[in-house]
Amino acid sequence: MAVIREQDLDKGRAAFAQWRDAAENMLDGAGTQASTAAFRLALKPSLPRPVWAMAVRYSLHLLERKAPGPGVEVRVAPWGAIKILDGPASDPHNLTPPDVIELDPEVWLRLAAGVTTWDEEKTAGRISAVGERDDLSDLLPLI
C-alpha cells in the first residue's frame with residue numbers, strides 16, 4: 001500500500017515545503033546558536049498535526065522513489081512505513097524485512113530536509129535501526 005495517495009501528492013509537497021520553511025525560519029532566527037548540533041537536534045516547528053502527517057508521508061514517498069526495493073523497512077510512526085533498497089524481502093510469516101529503521105516524525109523530517117545528519121541523530125540516540133543496512137546517510141537529505 002502506498003504511503004501517500006496519488007491525489008494527496010500536491011498537499012504532501014506543500015506540507016513538506018511548509019515544514020522546511022518553518023525549520024529554516026527557526027534556524028535563521030537563532031543566529032549563531034543555529035550552528036550548534038544541540039539546537040538543530042531539538043528543532044521541532046510548531047505546525048498543525050495534519051501538516052506534519054502529510055510532510056512525513058510525502059517525504060517517505062520521495063525516499064521510496066529514490067531507493068525502491070523490499071530490503072529495509074523505514075517506519076515513522078504514526079504516519080507511515082515504507083520498504084526500500086534491494087535485499088532480502090520479508091519472510092512470508094512475518095512480513096517484516098530483516099532490516100528495520102524507526103524514527104520519530106521530527107527526527108525523520110530534520111533528516112529529510114537536511115537540518116541534521118544521520119550521524120548526529122544516531123549519536124544522539126534518536127534512531128532505532130536493526131540489521132546490516134542501518135544507515136541511510138547516502139540517501140539523505142531528500143532535497
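Trainee: Which residue follows α4, and what is the sign of its phi?

Mentor: Helices are DSSP runs of H or I with at least four residues, strands are E runs of at least two, and both are numbered from the N terminus. Here α4 is followed by G114, with a positive phi near 80 degrees. This is a predicted model, in which local features need pLDDT of at least 70, side-chain atom pairs count only at pLDDT 80 or more, and totals for chains, interfaces and linings use all residues. Residues are numbered from 1 along each chain as its sequence is written, and side-chain values use heavy atoms, with hydrogens and water left out.

Trainee: Why is helix α4 described as largely enclosed by the rest of the structure?

Mentor: Buried means under 20% relative accessible area, exposed over 50%, and partly exposed in between (1.4 Å probe, protein chains only). In α4, residues 105-113, 9 of the 9 residues are buried, so the helix is largely enclosed by the rest of the structure. Among them are the charged-type residues E106 and R110, as well as W108. Across the chain, buried residues make up 45% of the 143 residues.

Trainee: In what order do the elements of the chain run?

Mentor: From the N terminus the order is α-α-α-β-β-β-α-α-β, with 5 helices and 4 strands in the chain.

Trainee: How does the radius of gyration compare with that of a compact globule?

Mentor: The radius is taken over C-alpha atoms, and the globule rule is 2.2 Å times the number of residues to the power 0.38. For 143 residues the rule gives a value near 15 Å, and the chain agrees because its radius is 15 Å. The C-alpha atoms fill a box of roughly 50 × 35 × 20 Å along the principal axes.
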